Amino acid sequence: PFDNHKKGIEKIVRQYPEVTFLFHGIVEDAGTAGVKNNINWLDTLMANNKNVYYSIDAGLHIYGFKKSHLGKVVSKEEMLPYLKAHFKEQLQTDLSYYKNIIEKYPDRFLRGTDRLHITHFDQEISALLDEYTRAFIGRLSPSVQEKFAHLNADTLIKKWYYKQMNNLLKKITKLLFILVTIAIVGYVTWFIYDKLATSIIEKKI
């Protein structure tokens, strides 16, 4: 979100603490005054709300997403030399930007895998982007690396799965209760009717 979204985000994550929010791409605000660093806002949001998670692609993937690229597909011939030339520089930028906050909230950051242009799916470029991600992960604290790489995502998926199963079991239990109640009411009704009918017949006899 941009500045005009932040208050709404802060409100909704507080209003629904039982909901897990996974955000992406909110650390920079590209407004009319240029790019604004929102990492401190994200830090505060995560500190105050345990239900906030965040995924990171890292900056090398951004080539092809820039304003100058709108309306066109960046060719491999343009993209590949740029990625190679800026690999180390962008890696240091991303580490200075994200490393501290990832290690501050080691259980709530996930590796992103965004691709946009068809060029990003080129085998050579895709391999280079994966290499960049591995290099980024490799420079995080060893205790955080696996969590960021896949364990946090695994945990979120399992959390969602178990929640869905729990909701399903609650619905099944409720349905069974209704069916059992109907069966009991039906049996009691039949039993009373049978007794009354037998009593009437016996009196007539």
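Here is a short chat about how a few labels in this structure are earned.

User: What kind of model is this, and how are residues numbered?
Analyst: It's a predicted model, where local features need pLDDT of at least 70, side-chain atom pairs count only at pLDDT 80 or more, and totals for chains, interfaces and linings use all residues. Residues are numbered from 1 along each chain as its sequence is written, and side-chain values use heavy atoms, with hydrogens and water left out.

User: Why is the contact between Glu 10 and Lys 7 called a salt bridge?
Analyst: A salt bridge needs a side-chain nitrogen of Lys or Arg within 4 Å of a carboxyl oxygen of Asp or Glu. Here the closest N and O atoms are 3.9 Å apart, so the pair fits the rule. By that rule, the count comes to seven salt bridges.

User: What makes Glu 10 buried and Lys 7 exposed?
Analyst: Buried means under 20% relative accessible area, exposed over 50%, and partly exposed in between, using a 1.4 Å probe and protein chains only. Glu 10 has 18%, so Glu 10 is buried. Lys 7 has 64%, so Lys 7 is exposed.

User: Which label does Lys 76 get?
Analyst: Lys 76 has 28% relative accessibility, so Lys 76 counts as partly exposed. Lys 76 also forms a salt bridge with Glu 124, the closest N and O atoms being 3.1 Å apart. Another partner is Asp 122, at 3.3 Å.

User: How do you know that S1 and S4 pair?
Analyst: Two strands pair if DSSP finds at least two bridges between them. S1 and S4 have four bridges, in the parallel sense, so they pass.

Notes. Helix = DSSP H or I, 4+ residues; strand = E, 2+ residues; numbered from the N terminus.
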